Amino acid sequence: MNEVRELSERQARLEGVIEQLDRRLDSIERRFDSVERRFDVIERRIIALETSIRQGFFWLIGLMFTSWLSIVGLILWKLG
């Protein structure tokens with residue numbers, strides 16, 4: 001009878017440990033999901049920034065090319 005009670009106590013203790021591990025794993029899983037969402041937000045911001053920089057670069061190249069054409073045109077007009 002004593003052995004049965006000891007086994008049942010050990011089983012209860014193991015069940016408690018398993019429940020604690022389950023809760024801890026759930027907590028870790030929730031934290032991981034939160035971190036994953038934050039990385040998604042950061043990734044979208046980086047992509048938006050990259051697009052903005054690329055558009056700014058194209059505008060800069062366009063302005064430089066237009067200025068160069070204007071200067072060359074004025075020089076040719078003065079020489080002609």
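Trainee: What makes the contact between Glu19 and Arg23 a salt bridge?

Mentor: In this predicted model, the side chains of Glu19 and Arg23 come to 3.8 Å, N to O. The cut-off for a side-chain nitrogen of Arg and a carboxyl oxygen of Glu is within 4 Å, so the pair qualifies as a salt bridge. Side chains of opposite charge can pair when their charged atoms come close.

Trainee: Where do Glu19 and Arg23 lie in the chain's secondary structure?

Mentor: Both belong to helix α1, 4 residues apart, which is about one turn of the helix.

Trainee: Why is Glu19 called partly exposed, and why is Arg23 called exposed?

Mentor: Glu19 has a relative accessible area of 46%. Exposed requires over 50% and buried under 20%, so Glu19 falls in between and is partly exposed. Arg23 has 51% relative accessibility, over the 50% cut-off, and therefore counts as exposed.

Trainee: How many salt bridges does a search of the whole structure find?

Mentor: The search finds 3 salt bridges. One of them joins Glu50 and Arg54, with the closest N and O atoms 3.1 Å apart. Glu9 forms a salt bridge with Arg5, where the corresponding separation is 4.0 Å.

Trainee: What is the sequence separation of Glu9 and Arg5, and of Glu50 and Arg54?

Mentor: Glu9 and Arg5 are 4 residues apart in helix α1, about one turn. Glu50 and Arg54 are likewise 4 residues apart in helix α1, about one turn.

Trainee: How do you know whether Arg5 and Glu9 are buried, partly exposed or exposed?

Mentor: Arg5 has a relative accessible area of 53%, which is over 50%, so Arg5 is exposed. Glu9, at 43%, lies between the 20% and 50% cut-offs and is therefore partly exposed. Glu50 is partly exposed at 41%, and Arg54 is partly exposed at 44%.

Trainee: Why is the pair of Phe57 and Phe58 called tilted?

Mentor: The count comes to 2 aromatic pairs. For Phe57 and Phe58, the ring centres are 6.1 Å apart and the planes stand at 50°. The centres lie within 6.5 Å, and the angle is neither under 30 degrees nor over 60, so the pair is tilted.

Trainee: What makes the pair of Phe65 and Trp68 stacked?

Mentor: Their ring centres are 6.2 Å apart and their planes are at 25°; an angle under 30 degrees counts as stacked, so that is the conclusion. Phe65 and Trp68 are 3 residues apart in helix α1, about one helical turn.

Trainee: Which residues form the nonpolar patch on the surface?

Mentor: The patch consists of Phe57, Phe58, Leu60, Ile61 and Met64, with about 520 Å² of accessible area together. Patch members need over 30% relative accessible area, and Ile61, at 41%, passes that cut-off. Phe57 at 47% and Phe58 at 54% pass the cut-off as well. Ile61 has its place in helix α1, residues 2-79.

Trainee: How do you know that the chain is more spread out than a compact globule?

Mentor: The chain has 1 helix and 0 strands. Its radius of gyration is 35 Å, well over the 12 Å that the globule rule gives for 80 residues, so the chain is more spread out than a compact globule. The C-alpha atoms fill a box of roughly 115 × 10 × 5 Å along the principal axes.

Trainee: What percentage of the residues count as buried?

Mentor: Of the 80 residues, 0% count as buried. The accessible surface of the chain comes to about 8200 Å², with 64% belonging to carbon and sulfur atoms.

How values were computed: Residues are numbered from 1 along each chain as its sequence is written. This is a predicted model: local features need pLDDT of at least 70, side-chain atom pairs count only at pLDDT 80 or more; totals for chains, interfaces and linings use all residues. Side-chain values use heavy atoms; hydrogens and water are left out. Patches are made of residues with over 30% relative accessible area and no salt bridge: like charges are joined within 9 Å, nonpolar side chains (Val, Leu, Ile, Met, Phe, Trp, Tyr) within 5 Å. Accessible areas come from the Shrake-Rupley method with a 1.4 Å probe; for residues, only the protein chains shown count as cover. Helices (H or I, at least four residues) and strands (E, at least two) are DSSP runs, numbered from the N terminus. Buried means under 20% relative accessible area, exposed over 50%, partly exposed in between (1.4 Å probe, protein chains only). Rings of Phe, Tyr and Trp (its six-membered ring) pair if their centres lie within 6.5 Å; planes under 30 degrees apart count as stacked, over 60 as edge-to-face and the rest as tilted. The radius of gyration is taken over C-alpha atoms; the globule rule is 2.2 Å times the number of residues to the power 0.38.
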